[in-house]
Amino acid sequence: CFHFLWGGGYVIEAAKRGYIAYTNCTSTLAEVVPHGGVTATLGTNPHSWGFPTTDQVGFPIVVDWATSTVAMGRVQQLAREGATLPPGLALDAQGNDTTDPSLVAALRPFGAHKGFGLGLIDELYAAYSGGSCPTFRGRPEGAPSGEKTSSTFFFQCIHPDALDCGGFALGRSQGSNVDKVLRDVMGHGNAAAGAILPGELESRAAKASEAAGGIILSQAEAEEFRKIALEAGAPCDLRPIVR
């Protein structure tokens, strides 16, 4: 087992069903160095939270990130598209900073010690629930006999009723209180200045894909799929969007 794909997708589906959801996973390959370290001993280890806020804002709020400076999938996307990375995000095989995505051998944790701590949380959830050493994951040929080399996934759903203490100000209900808080956060000129809530871009993308009748890919992504399909001897019917 490699990776559970996009954690945000799981928590969005749970949030659509009315749950507050959280998930994390230990990414299969150790590709992130600890803060202050030189060797990759952590996965990119994402965290994802979803909140049932469709009634308040029209979509589930979803907070989703890898604990590295950038997701390795994004590095691979930039390499396909011939783009460069901002400095300070990644290291090459010699441990030097690189902005060339094709030379990336390891990633730094985002936010220095903060990202390291968040990535370590995933490793600890895994350690407590049956996972093993991150440097063994995805590398069975280098692991001792009997060691586990697969990823560990953690999922949690909480129904909002479990958090409803009934003590909201001015007699507000739980839902109206959530609405009040979000309006306060996005008010005071913030939304007018361009601030958006986490999950809004994902909601727009989902609606665009639905309108197009399928997942929208960049030209570079489409070419990569065609290449993989050709190598696998599989059909690949990707059609350009007619605007």
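How many bridges join β1 to β7, and do the two strands run parallel or antiparallel? In this predicted model, 6 bridges join them, and the strands run antiparallel. That pairing is a good place to start a tour.

**The four-stranded sheet**

β1 and β7 belong to an open sheet of 4 strands, arranged in the order β3-β2-β1-β7 with antiparallel pairing. At its edges lie β3 and β7, each of which pairs on one side only. On average, neighbouring strands here are turned by 5 degrees against each other, ignoring direction. As background, strands of a sheet pair through backbone hydrogen bonds, either parallel or antiparallel.

Let us look at β1, which covers residues 20-25. On one side it meets β7, where Tyr22 stands opposite Gln156 and Ala21 has Cys157 as its bridge partner. β1 also pairs with β2 in the antiparallel sense, over 4 bridges, and there Thr23 has Ser48 as its bridge partner.

How many of the 6 residues of β1 are buried? The count is 6 of 6, so the strand is mostly covered. Both of its faces are covered: Ile20, Tyr22 and Asn24 are buried on one side, and Ala21, Thr23 and Cys25 are buried on the other.

Two helices help to frame this sheet. Helix α1 (residues 7-16) lies across β1, β2, β3 and β7, and runs at about 20 degrees to β2. α4 packs on the sheet as well, touching β1, β2, β3 and β7, and its direction makes about 85 degrees with that of β1.

**Three residues to visit**

Thr23, in strand β1, has a relative accessibility of 1%, so it counts as buried. Leaving out residues up to four places away in sequence, Thr23 touches Phe4, Gly7, Val11, Pro46, His47, Ser48, Phe154 and Phe155.

Its bridge partner Ser48 sits in strand β2. Is Ser48 buried or exposed? With a relative accessible area of 0%, Ser48 is buried. Apart from neighbours within four places in sequence, Ser48 is in contact with Gly7, Gly8, Val11, Ala21, Tyr22, Thr23, Val63 and Asp64.

Ser151 is found in a loop, the one between α4 (113-129) and β7 (153-158). Its relative accessibility is 12%, and because buried means under 20%, Ser151 counts as buried too. The C-alpha atoms of Ser151 and Pro134 are separated by 8.7 Å, although these residues are 17 places apart along the chain.

The side chains of these three residues make the polar contacts listed here.

| Side chain | Partner | Distance |
|---|---|---|
| Thr23 | backbone oxygen of Phe154 | 2.7 Å |
| Ser48 | backbone nitrogen of Gly8 | 3.4 Å |
| Ser48 | side chain of Asp64 | 2.4 Å |
| Ser151 | backbone oxygen of Thr26 | 3.0 Å |
| Ser151 | side chain of Thr28 | 2.7 Å |

**A second sheet**

There is also an open sheet formed by 3 strands, in the order β5-β4-β6, and its pairing is antiparallel. Its edge strands are β5 (97-98) and β6 (106-107), each pairing on one side only. Strand β4 (residues 90-91) is joined to β6 by 2 bridges, and the two run antiparallel. Within that pair, Ala90 stands opposite Leu107 of β6.

**Helix α5**

Our last stop is helix α5, made of the 13 residues 174-186. At 1.5 Å a residue, the helix should span 18 Å, and its end C-alpha atoms are 18 Å apart, which agrees.

Which residues of α5 are buried? They are Gln174, Asn177, Leu182 and Met186. Around the axis they cover an arc of only 160 degrees, which puts them on the same side of α5. It helps to recall that an α-helix has 3.6 residues a turn, so residues three or four places apart point the same way. Among the elements that cover the buried residues of α5 are α2 (54-57) and β3 (61-65).

After α5 comes His188, whose phi is positive, near 60 degrees.

Methods. Residues numbered from 1 in each chain as written. Predicted model: local features only at pLDDT ≥ 70, side-chain atom pairs only at ≥ 80, totals over all residues. Heavy atoms only, no water. Buried < 20%, exposed > 50% of the residue type's maximum accessible area, 1.4 Å probe, protein only. Polar contact = N/O pair within 3.5 Å; in protein donor to acceptor, adjacent residues only side chain to side chain. Expected span 1.5 Å × (residues − 1). Arc of directions from axis to C-beta. Contact = heavy atoms within 4.5 Å. Pairing = 2+ DSSP bridges. Axes fitted to C-alpha atoms, helices over the stretch in contact; angles between N-to-C directions.
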